[in-house]
Amino acid sequence: MEKLPDFSDRNSHEIDYRIYGEEMQYVEIELDPQEAVIAESGSFMMMDDGIKMDTIFGDGSKKDKGFLGKILGAGKRILTGESLFMTAFYNDLTGKRNVSFASPYPGKIIPIDLNEFKGKFICQKDAFLCAAKGVSVGIEFSKKLGRGLFGGEGFIMQKLEGDGMAFVHAGGTMAEKTLQTGETLRVDTGCLVGFTQGVDYDIEFVGGIKNSIFGGEGLFFARLRGPGKVYIQSLPFSRLAGRVLASAPKSGGNSKGEGSILGGLGDLLDGDNRF
């Protein structure tokens with residue numbers, strides 16, 4: 001298990017973790033007595049006996065004090081398109097207990113130590129998987145019109161704040177780029193997973209009539225300028241879903257006969273016996 005240094009004034013719970021697998025990863029989090037982790041609905045995989053589940057408004061961070069604070073925390077999640085609720089997992093017994101959370105689709109789980117990033121990390125709204133209790137899961141508004149209209153994520157991205165561990169998911173293979181001051185990187189808007197504060201993020205037009213009409217790569221790039229770290233995924237879920245839908249059987253049971261000049265007849269011969 002990897003463990004964080006001892007911060008005496010930390011607000012988040014100090015958790016240990018281990019990531020398993022290659023293509024379909026899951027993260028196992030080890031909780032000491034009274035430690036807790038928060039997670040998105042649907043990411044839970046398994047847990048040891050003695051761990052208590054609790055559904056909470058917002059993210060359960062110390063910022064959400066009182067009833068009004070909890071309502072505001074839940075409201076943030078509506079703006080990012082997520083559920084009103086999150087689930088907290090507590091170790092209520094003595095001794096260590098484990099709880100695991102799984103990737104939603106093939107890719108990599110990225111551990112984010114918020115202490116290393118000055119307490120803040122910005123990511124796509126569907127990238128967040130789980131975090132130590134005390135980490136605030138909020139929203140990041142874009143002040144730039146181009147980014148808001150054409151960035152794919154709209155005016156709102158998700159921000160993770162605090163001094164604990166958080167985990168985000170990237171589809172396919174993950175690339176990590178460290179940008180120096182003034183260094184620029186252009187990324188497909190759907191491939192951007194997240195970046196550290198200090199990185200300037202905007203949208204840039206591809207340019208050129210041929211590129212715009214016939215390029216097939218969309219009209220806009222995400223332009224990121226350093227200093228800071230940027231995380232990029234090779235397989236955005238939208239791209240994966242689009243390929244699956246394109247290859248799915250159409251109405252009437254017809255499917256795309258890939259790799260065979262015989263089409264549907266070839267499917268019968270090669271073992272795909274759907275009619």
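What percentage of the 275 residues of the chain count as buried? In this predicted model, the share of residues that count as buried is 45%, and that figure is a useful one to keep in mind while the tour moves from the whole chain to single side chains.

**The whole chain**

Begin with the complete chain in a cartoon view, where 5 helices and 19 strands can be picked out. If you switch to a surface view, the chain exposes about 14,400 Å², and carbon and sulfur atoms supply 56% of that area. Turning to contacts between residues at least 6 apart in sequence, 75% of them join residues at least 24 apart.

**The sheet of six strands**

Select next the strands β5, β6, β3, β10, β13 and β8, which in this order form an open sheet with antiparallel pairing. At the edges of this sheet stand β5 and β8 (107–113), each of which pairs on one side only. Looking from strand to strand, you will find that neighbours in the sheet are turned by 20° against each other on average, when direction is ignored.

Stay with β5, which covers residues 51–57, and add its antiparallel partner β6, residues 85–91, to which β5 is joined by 7 bridges. To see one particular pair of residues across these two strands, select T55 together with T87, the bridge partner of T55 in β6.

**A nonpolar patch on the surface**

Still in β5, select M53, and then add F44, M45, M46 and M47, since these residues and M53 form a nonpolar patch on the surface with about 430 Å² of accessible area together. Strand β4, residues 44–47, gives the most to this patch, with 4 residues. M53 itself has a relative accessible area of 45%, and because partly exposed covers values between 20% and 50%, M53 belongs in that class.

Between β4 and β5 there is a loop, and D48 lies in it. D48 is partly exposed, with a relative accessible area of 34%. If residues up to four places away in sequence are set aside, D48 touches R97 and N98. Drawing a distance from the C-alpha of D48 to that of N98 gives 5.6 Å, although the two residues are 50 apart in sequence.

**Salt bridges**

A search of the whole structure finds 7 salt bridges, and three of the stops on this tour are among them.

For one of these, select D32 and K96, whose side chains meet in a salt bridge with an N to O distance of 2.6 Å. The pair links distant parts of the chain, with D32 in the loop between β2 (26–31) and β3 (36–39) and K96 in the loop between β6 and β7 (97–102), 64 residues away in sequence. Is D32 buried or exposed? With a relative accessibility of 17%, D32 falls under the 20% limit and therefore counts as buried, whereas K96 is partly exposed, with a relative accessible area of 47%. Adding E30 to the selection shows a network of salt bridges that links E30, D32 and K96.

Move on to K120 and E140, where the side chains meet in a salt bridge at 3.2 Å, N to O. Here K120 belongs to strand β9 (residues 120–123) and E140 to strand β11 (residues 136–141), so that the pair links parts of the chain 20 residues apart. Both K120 and E140 are buried.

Select then E176 and K229, a salt bridge with 2.9 Å from N to O. E176 is in strand β14 (residues 174–179) and K229 in strand β19 (residues 228–233), 53 residues apart in sequence. E176 counts as partly exposed at 40% relative accessibility, and K229 is also partly exposed, with a relative accessible area of 24%.

**The sheet of three strands**

For the final stop, select β15, β18 and β17, which form an open sheet of 3 strands in that order, with antiparallel pairing. β15 (184–188) and β17 (200–205) each have a single partner strand and stand at the edges, so one side of each is left without a neighbour in the sheet. From one strand to the next the twist averages 30°. Between β17 and β18, residues 220–225, the antiparallel pairing runs over 6 bridges, and one residue pair to pick out here is Y201 with L224, its bridge partner in β18.

Methods. Residues numbered from 1 in each chain as written. Predicted model: local features only at pLDDT ≥ 70, side-chain atom pairs only at ≥ 80, totals over all residues. Heavy atoms only, no water. Patch = residues over 30% accessible without salt bridge, like charges linked within 9 Å, V, L, I, M, F, W, Y side chains within 5 Å. Areas by Shrake-Rupley, 256 points an atom, 1.4 Å probe, with all protein chains shown as cover. Salt bridge = Lys/Arg side-chain N within 4 Å of Asp/Glu carboxyl O. Buried < 20%, exposed > 50% of the residue type's maximum accessible area, 1.4 Å probe, protein only. Contact = heavy atoms within 4.5 Å. Pairing = 2+ DSSP bridges. Axes fitted to C-alpha atoms, helices over the stretch in contact; angles between N-to-C directions.
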